[in-house]
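Work through the exercises below with the sequence and the model open. Each task is followed by a stepwise solution.

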Amino acid sequence: MKTTIVLLAIAAVSFSASAQKIKSEEVPSAVKSKVTSLYPNSKVEKWEKEDGNFEAELEVNKVETSVLLNASGNLLQTETEIASSALPKGVSDYVTKNLAGKKIKEAAKIVDAKNTVTYEAEVDEADYIFDASGNFLKKEVENDNDKDEKKGK
């Protein structure tokens, strides 16, 4: 079971590693339709293409949310911004012990298509991924393109 969770977390993280901003016209209609059906009261703020999949960034009830779908419109993952205090206790324990003096800048809850939950904690320029219990899984360092896009927000 732990191997499955680790592999899913790695897959989820790799989706965000090579994103390219794209125009709405480049997004398949099945993808747009699915996002509209999931979030009828929200407008997509930005589209990105990631390894053949499509990510929509939008605000849902004043919460930053992104959804990852394949070209057929099948939901692969949802990432929702959360307060750092909403992370499992193991996450803050990990940061305190292994990243002394560092603060969590942003936090997110990630749910994949199989309802597997992972958490992301951004510290400095890296994302730390944890399982649902707060156990550390992986560290991902953003590439230069991702940093530039975040600065432009």
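## Exercise 1: a pair of strands

Strand β6, residues 106-112, and strand β7, residues 117-123, run antiparallel and are joined by 6 bridges. The model is a predicted one.

Task: Which residue of β7 is the bridge partner of Glu-106?

Solution.
1. Glu-106 falls within β6, which covers residues 106-112.
2. The partner must be sought in β7, and there it is Glu-122.

## Exercise 2: the sheet and its helix

Task: In what order do the strands form the sheet, and which strands are at its edges?

Solution.
1. The protein has 4 helices and 9 strands, arranged from the N terminus as α-β-α-β-β-β-β-α-β-β-β-β-α.
2. The 9 strands form an open sheet with antiparallel pairing, in the order β1-β2-β3-β4-β5-β6-β7-β8-β9.
3. Strands β1 (19-22) and β9 (136-141) pair on one side only, and these are the edge strands.
4. From one strand to the next, the twist averages 25°.
5. Helix α3, residues 89-98, lies across β7, β8 (126-131) and β9. The helix runs at about 135° to β8.

## Exercise 3: a residue on an edge strand

Task: Is Gln-20 buried or exposed, and which residues does it contact beyond its neighbours within four places in sequence?

Solution.
1. Gln-20 belongs to strand β1, an edge strand of the sheet.
2. The relative accessible area of Gln-20 is 54%. The cut-off for exposed is over 50%, so Gln-20 counts as exposed.
3. With neighbours within four places in sequence set aside, Gln-20 is in contact with Trp-47, Glu-48 and Lys-49.
4. Glu-50 is 30 residues from Gln-20 in sequence, and the C-alpha to C-alpha distance between them is 6.5 Å.

## Exercise 4: a buried charge

Task: Which side chain of opposite charge is nearest to Asp-112, and how many Å away is it?

Solution.
1. Asp-112 is in strand β6 and is buried.
2. The nearest side chain of opposite charge is that of Lys-114, 6.7 Å away.
3. A salt bridge requires a side-chain nitrogen of Lys or Arg within 4 Å of a carboxyl oxygen of Asp or Glu. Asp-112 has no salt bridge.
4. The backbone of Lys-114 is another matter: its nitrogen lies 2.9 Å from a polar atom of the Asp-112 side chain.

## Exercise 5: the whole chain

Task: What percentage of the 153 residues is buried?

Solution.
1. Buried residues account for 39% of the 153.
2. Of the contacts with a separation of 6 or more, 43% are between residues 24 or more positions apart.

Note on methods: Residues numbered from 1 in each chain as written. Predicted model: local features only at pLDDT ≥ 70, side-chain atom pairs only at ≥ 80, totals over all residues. Heavy atoms only, no water. Pairing = 2+ DSSP bridges. Helix = DSSP H or I, 4+ residues; strand = E, 2+ residues; numbered from the N terminus. Axes fitted to C-alpha atoms, helices over the stretch in contact; angles between N-to-C directions. Contact = heavy atoms within 4.5 Å. Buried < 20%, exposed > 50% of the residue type's maximum accessible area, 1.4 Å probe, protein only. Lys, Arg positive; Asp, Glu negative; His and termini not counted. Polar contact = N/O pair within 3.5 Å; in protein donor to acceptor, adjacent residues only side chain to side chain.
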